[in-house]
Protein chains: 2
Amino acid sequence: MKKLSKSLEDYIEAIYIASEGKNFCRVKDIQKVLNVSKPSIVNALSILKEEGLIVQEKYGYVSLTKDGERKAKNVYKKHKIITEFVEKIFEVENVDAQKIACEIEHIVDKNIYERMEKISKNFNERTKIVLYGEKDETDGSKTR
Amino acid sequence: MKKLSKSLEDYIEAIYIASEGKNFCRVKDIQKVLNVSKPSIVNALSILKEEGLIVQEKYGYVSLTKDGERKAKNVYKKHKIITEFVEKIFEVENVDAQKIACEIEHIVDKNIYERMEKISKNFNERTKIVLYGEKDETDGSKTR
DNA sequence: CCAAAATGTTAGTTTTGACTAATAAAGTTT
DNA sequence: AAACTTTATTAGTCAAAACTAACATTTTGG
């Protein structure tokens with residue numbers, strides 16, 4: 001139940017993504033998702049094994065344990081929520097929002113990303129107008 | 001003109017804060033702002049000296065050069081903008097917003113924090129209502 | 001003015017997370 | 001099944017950023 005480091009969170013998230021559809025993946029699949037060398041991955045895997053978050057036989061497939069999957073889903077969910085929030089609120093490309101989400105996902109707590117989720121859900125054209133203070137016919141008030 | 005690491009950005013920002021009012025500060029003042037050991041600070045200072053961002057004589061005062069002050073102000077400005085944004089948008093205490101800002105300030109680019117600034121400027125009660133999708137009398141539309 | 005307190009520096013470690021080069025195992029092809 | 005290709009691992013390095021303990025300098029108070 002120990003808290004993972006940022007980098008290990010990235011790895012477990014990558015394993016989850018690389019396993020999409022199946023319930024296992026290979027080191028090289030992880031490599032495609034993250035952009036790091038294989039030895040770096042092997043090293044991270046050894047820690048995740050110790051923590052009981054993945055299983056892997058030597059030269060074999062990597063798969064998440066129950067615990068590992070729970071953590072991975074958690075991180076991944078945050079990632080998606082943050083990406084959507086950043087995309088909508090700041091009007092940036094998905095690729096850029098992804099990059100920002102990758103970093104922020106290790107920082108914000110539950111309260112914050114649940115609020116991001118709510119905001120994203122309610123987001124529409126008018127939100128944008130209100131946010132950036134452009135003229136809004138439905139309202140008489142001014143920001144002064 | 002080299003890009004500083006996150007940690008060095010924190011140090012230079014701390015120097016700026018610790019020098020408030022004066023144009024110099026001491027190692028122990030920096031220590032009050034950041035929460036790190038003196039040797040860590042000394043080490044960071046040695047790098048900032050190499051980069052020409054501060055000057056300090058042995059056992060003497062630390063002060064920012066023109067370049068250093070420019071960078072420091074930049075980081076500090078980002079910090080303030082992000083803090084305000086987080087406080088308002090997510091309705092969190094200033095202390096918590098500060099913590100988040102400390103981390104995000106090293107991540108987001110100019111485009112993003114300028115947008116944060118705009119949003120903060122325009123922020124009012126109605127923004128909050130629109131953001132979180134509560135009932136808004138002035139509007140007939142629904143988020144579906 | 002000199003001893004104690006406050007402040008700053010040096011030296012040496014530690015941890016984390018990355019890398020390259022070399023090696024080993026597994027899989028594929030003919 | 002031997003040779004070749006792909007994939008994974010090991011071993012050894014490196015850099016950033018922190019720490020503690022020991023030492024050096026400056027400041028201050030009796």
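How many residues of chain B are in contact with chain A? In this predicted model, 28 residues of chain B are in contact with 28 residues of chain A, where contact means heavy atoms within 4.5 Å.

Good morning. Before I continue, a word on conventions. Residues are numbered from 1 along each chain as its sequence is written, and chains are lettered from A and ligands numbered from 1 in the order in which they are written. Because the model is predicted, local features need pLDDT of at least 70 and side-chain atom pairs count only at pLDDT 80 or more, while totals for chains, interfaces and linings use all residues; side-chain values use heavy atoms, with hydrogens and water left out.

Let us begin with the interface between the two protein chains. The size of an interface is often given as the accessible area lost when the parts come together. Chain B and chain A bury about 2,800 Å² between them, and 65% of this is on carbon and sulfur atoms. Buried area here is the accessible area, taken with a 1.4 Å probe, that two parts lose on being put together, summed over both.

Side chains of opposite charge can pair when their charged atoms come close. Between chain B and chain A the count is 4 salt bridges, a salt bridge being a side-chain nitrogen of Lys or Arg within 4 Å of a carboxyl oxygen of Asp or Glu. A:Arg115 forms a salt bridge with B:Glu91, and their closest N and O atoms are 2.7 Å apart. There are also 10 residue pairs in polar contact between the two chains, both residues being at pLDDT 80 or more. A polar contact is a pair of N or O atoms within 3.5 Å; within protein, one must be able to donate a hydrogen and the other to accept it, and residues adjacent in sequence count only if both atoms are side-chain atoms.

Which elements of chain B give two or more residues to the side that touches chain A? They are helix H4 (66-90), helix H5 (94-104), helix H6 (110-122) and helix H7 (125-131) of chain B. Helices (H or I, at least four residues) and strands (E, at least two) are DSSP runs, numbered from the N terminus. The largest share of this side, 8 residues, comes from H6(B). Its residues divide into 13 nonpolar, 6 polar and 9 charged. In this grouping, Ala, Val, Leu, Ile, Met, Phe, Trp, Tyr, Cys and Pro count as nonpolar, Asp, Glu, Lys and Arg as charged, and the others, Gly among them, as polar.

I now turn to the DNA. DNA strand C is surrounded by 18 residues, and the closest are A:Ser5, A:Ser37, A:Ser40, B:Arg26 and B:Lys28. A residue is near a molecule or strand if one of its heavy atoms lies within 4 Å of it. Of the atoms of DNA strand C that come within 4 Å of the protein, 76% belong to sugar and phosphate. A polar side-chain atom of A:Ser40 lies 2.5 Å from a phosphate oxygen of this strand, and an N or O atom in the side chain of A:Ser5 is 2.7 Å from a phosphate oxygen of DNA strand C. H3(B) gives the most to the surface near DNA strand C, with 3 residues.

What of DNA strand D? It has 18 residues around it, the closest being A:Arg26, A:Lys28, B:Ser5, B:Ser37 and B:Ser40. Sugar and phosphate again make up 76% of the atoms of DNA strand D that come within 4 Å of the protein. In the side chain of A:Lys58, an N or O atom is 3.1 Å from a phosphate oxygen of DNA strand D. For A:Tyr59, a backbone N or O atom lies 3.4 Å from a phosphate oxygen of the strand. Here H3(A) provides the largest share of the surface, 3 residues.

Finally, I consider links within a chain. Over all chains, the structure holds 20 salt bridges. One of these joins A:Glu91 and A:Lys128, whose closest N and O atoms are 3.6 Å apart. A:Glu91 lies in the loop between helix H4 (66-90) and helix H5 (94-104) of chain A and A:Lys128 in helix H7 (residues 125-131) of chain A, so the pair ties together parts that are 37 residues apart in sequence.

In chain B, B:Gln56 is found in strand E1 (residues 54-56). Its side chain makes a polar contact with the side chain of B:Lys49 at 2.8 Å and reaches the backbone oxygen of B:Gly60 at 3.5 Å. Thank you.
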